[in-house]
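Please open the model in a viewer and keep the selection tool at hand. The tour below proceeds from one selection to the next.

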Amino acid sequence: MTDKMTMNKQDVGSGRRDFLRHGALVGAATGALTVPGIASAKTPGDCVELPPENAQTFNTSCQYCMVQCGYKVKVWERGTGRKPTGAYTGALSGEWLSPSMVAPAETGGKKVFIAVYPDKDCVVNHGDHSVRGGTNAQTLFSKNLPSAKKRLTQPMIRKHGKSKPLVAVSWDEAIAFTADHLNQIKEQHGPDALGLVWGDWLWSMPTHAILKFWFEGIGSSTHAGNGWFYDEESSGVSHALGSGTRSFTEEDFEETGLLFTAGTNVEANGTVWYNRFYMKNAGAKQIVVDPRRTVMARHAEERDGLHLMIRPGTDFVLGTALIQEVLRRDAWDKPFVDKWVSGFDVLKKVAMEDRFSAENAAKVTGVPADKIRAAADLMIANRGKTMVLHEKGIQHQMAAFENQHAYTCLGIILGNLGKPGACSSRAGGHPGGTWAWPKEPASREHNLDILKGLRDGKVKAVWAFGSNVHKQLPDLNRHKSLVASTFFVVQNRIITEMNQDADVIFPAATWGETDTILSSVTRRVRLQQKFMDPPGQARPDWWIVAQVAKKMGYPGFDWKDEVAVWDEIRAKSGDVKNMSWDKLKAAGTNGLRYPYVDGKSPQRLYGDEMEGMLGKRFFTKDNKVHVEEMALVGKLDPMRYEWSGVNAEHPLMAFDFRLNELWNTGYTYWDKPTVSSRTPDAYLEMNTADARARGIGNGDWVMLESKYGQCKARARVHDGVSLGSVGMTALFPKAGQEFNYVCSPEVSPINGNFDTMVAVEVRRAG
């Protein structure tokens, strides 16, 4: 379908068309698709309806990644919409509706169409979107869409033990059943016998409710995020700056002189940010640190930048080698370091060790010495205007802290803080949870590893909250069955493999079915408005938690609505205290930035504006940047951890990476052909020489094997992955193709991240 939504046609320009031809972005909205329940545009006069002038209008942001693009939602009765006229091909402009952006649904007792499309007036995305965001509408509950078959719509319990089937019950019975069992376990085994695995991407009110319930109500310290165990997976950054991320803006991608990325494929996982950089900042350079030669790595080289094909697990060596090059050339930002940096003498002592020379670092990292020096040239030339970004690719390793800290310190000494187009930060993380993190029980100090508790038989109940533990936990061969043996509560939107082991199923309302508040990595807090009814008996996450908490006898859970939960959160946090519900509603898709004080917020952190508004430049106690922890970097041997497992039986090092089209486990949308047909099976990238030695050809089914387990994938054979390493898609939804079966149960000792680097062998599957 092609049509203009408004008369304000915008030329998307040759730059965008060239970008699309390069294959860097294949937007779901650019295809001619047939949507079930909506007539195809192939026959003249038989087209998708467009919103009428009197359609209800709502503001929201995307339900997936940390970028949080702004979206508009239109709802109207079927048959009352406008028919397309004319022709318009301005896809990705925010003025064009694809069939993938419109869904038939039912709400308020009426049959309606719901259009979910990127907002051209949102400062985050200007009408642009990722392949995930472009199919938001296809996740809505509708009897006319595949999603209807997947949704959980009624509470269920396993009344008579694990061997008996789940049965549908009322909310009252499900809540009483759950409360009784949790109380019994707590009384017999203590509060820490109750375990929680949660995801803070579930939005602010649910996250606040579950953590308050767990810490202050039950009194349990047994919990983990889906991807990390400890409370601070950004330690390598926060030890330096007092905060782990969220220091840059969307605009910085258009203003930077150099985009330096390590362990993050921003083109795939922060698509809209990268579009702004690639198409609106033609003079900027890129340095891409990645074991794979991705599309973004090719772009970097095409723009006279660099791809540093690193040996996985050695990023802290590369980061420190780059620091040494800066020091050798006397090229650091001396005024900034003299005024704001503590521990520079420690940094110099460590970085100038011979082991971190370009030549010695090349032996460890696999990055040639001349490329290390060339990278230093670019960083020095762009001192004070470089975005240093890193993410999960260097966090899900045993050296997570050291990797983060080395890159952060590199950015710091070059003055890349608090300036337009400059930062030293994580690139992402889940969209924000609660600002009012409840106090954890004192037992947490000695209770950091929920998996160890499971293995030791100490954890007797598990509540999966916004997390598919049967996909997301590491070493699934062991831990999946251990979870199944506990009193297992599943709070979810869709039917998953967890149902086969669950004792309780709580059907939760999802995005668009309840008012929610979510924040982006650029600190924008947005109200995501409810625009349709939840199906069946599904209820908001916070409401479900509150009912169980009250049934167990805990006070403080008498919230009457989402506004009451939000008011409790903001009363406990100075950052959002003045962000009333009404102010957020008025702010629309642009939202309000935190910290929000007296109606104002700094555009970016760690600069003059922040100091003028908040009276401090950094979130550390002494208002200084601290680089003393480089001492830990100096003590670490990269062969101490994962690489020590490489041997004759498991001679290759495996790591995982995220797909553009796959957010977490594809929990609401993977069965949409607009998404899943791009990558129908998990794949394993393998160097040509490694594949040839094993008789593996491109496209072959292969088995990836570690000492923990095995999984299946399609081989992609090429020279764009470092020799001796293989990379596999993370969290793939298909049974038997989950990389987590291969993963180690180990956790990085400081950050608390799951470790997804593991020694393996790869064999051709029969």
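**The largest cavity**

The largest cavity has a volume of about 690 Å³. To find its centre in this predicted model, select Lys-392, Gly-393, Asp-656, Phe-657 and Arg-658, which are the closest to that centre among the 41 lining residues. Next, display helix H15 (392–395) and strand E22 (652–657), each of which contributes at least two residues to the lining. Colouring the lining by class gives 16 nonpolar, 17 polar and eight charged residues. Over the whole structure, a search returns six cavities of 30 Å³ or more.

**The parallel sheet**

Now select the five strands of an open sheet, ordered E11-E10-E9-E13-E14 and paired in parallel. The edge positions belong to strand E11 (306–308) and strand E14 (423–426); each has a single partner strand, so one side of each lacks a neighbour in the sheet. From one strand to the next, the twist averages 10°.

Restrict the view to strand E13 (residues 386–390) and E14: the two run parallel and are joined by four bridges. Which residue of E14 is the bridge partner of Val-388? The partner is Ser-424.

**Helices across the sheet**

Add helix H9 (residues 295–302), which lies across strand E9 (258–262), strand E10 (285–289) and E11. The angle of H9 to E10 is about 140°. Then add helix H16 (residues 400–413), which lies across E9, E10, E13 and E14. H16 runs at about 175° to E13.

**An enclosed helix**

Move to helix H8 (residues 271–280). Is this helix largely enclosed or open? Eight of its 10 residues are buried, so the rest of the structure largely encloses H8. To display the buried residues of H8, select Thr-271, Val-272, Trp-273, Tyr-274, Asn-275, Arg-276, Phe-277 and Tyr-278.

**A hairpin**

Finally, select strand E3 (residues 102–107) together with strand E4 (residues 110–118). Strand E3 is mostly covered, with five of its six residues buried. The pairing of E3 with E4 is antiparallel and extends over six bridges. Within this pairing, Glu-106 has Lys-111 of E4 as its bridge partner. The two strands form a hairpin with two residues between them. Centre the view on Gly-108 in the turn, where phi is positive, at about 60°.

Key
Residues numbered from 1 in each chain as written. Predicted model: local features only at pLDDT ≥ 70, side-chain atom pairs only at ≥ 80, totals over all residues. Heavy atoms only, no water. Buried < 20%, exposed > 50% of the residue type's maximum accessible area, 1.4 Å probe, protein only. Pairing = 2+ DSSP bridges. 1 Å grid on protein atoms, 1.4 Å probe; cavity = no way out; pocket = protein on both sides within 12 Å on 5 of 7 lines; lining within 4 Å. Points joined across faces, edges and corners; volume = space filled by probe spheres on them. Nonpolar A, V, L, I, M, F, W, Y, C, P; charged D, E, K, R; others polar. Axes fitted to C-alpha atoms, helices over the stretch in contact; angles between N-to-C directions. Contact = heavy atoms within 4.5 Å.
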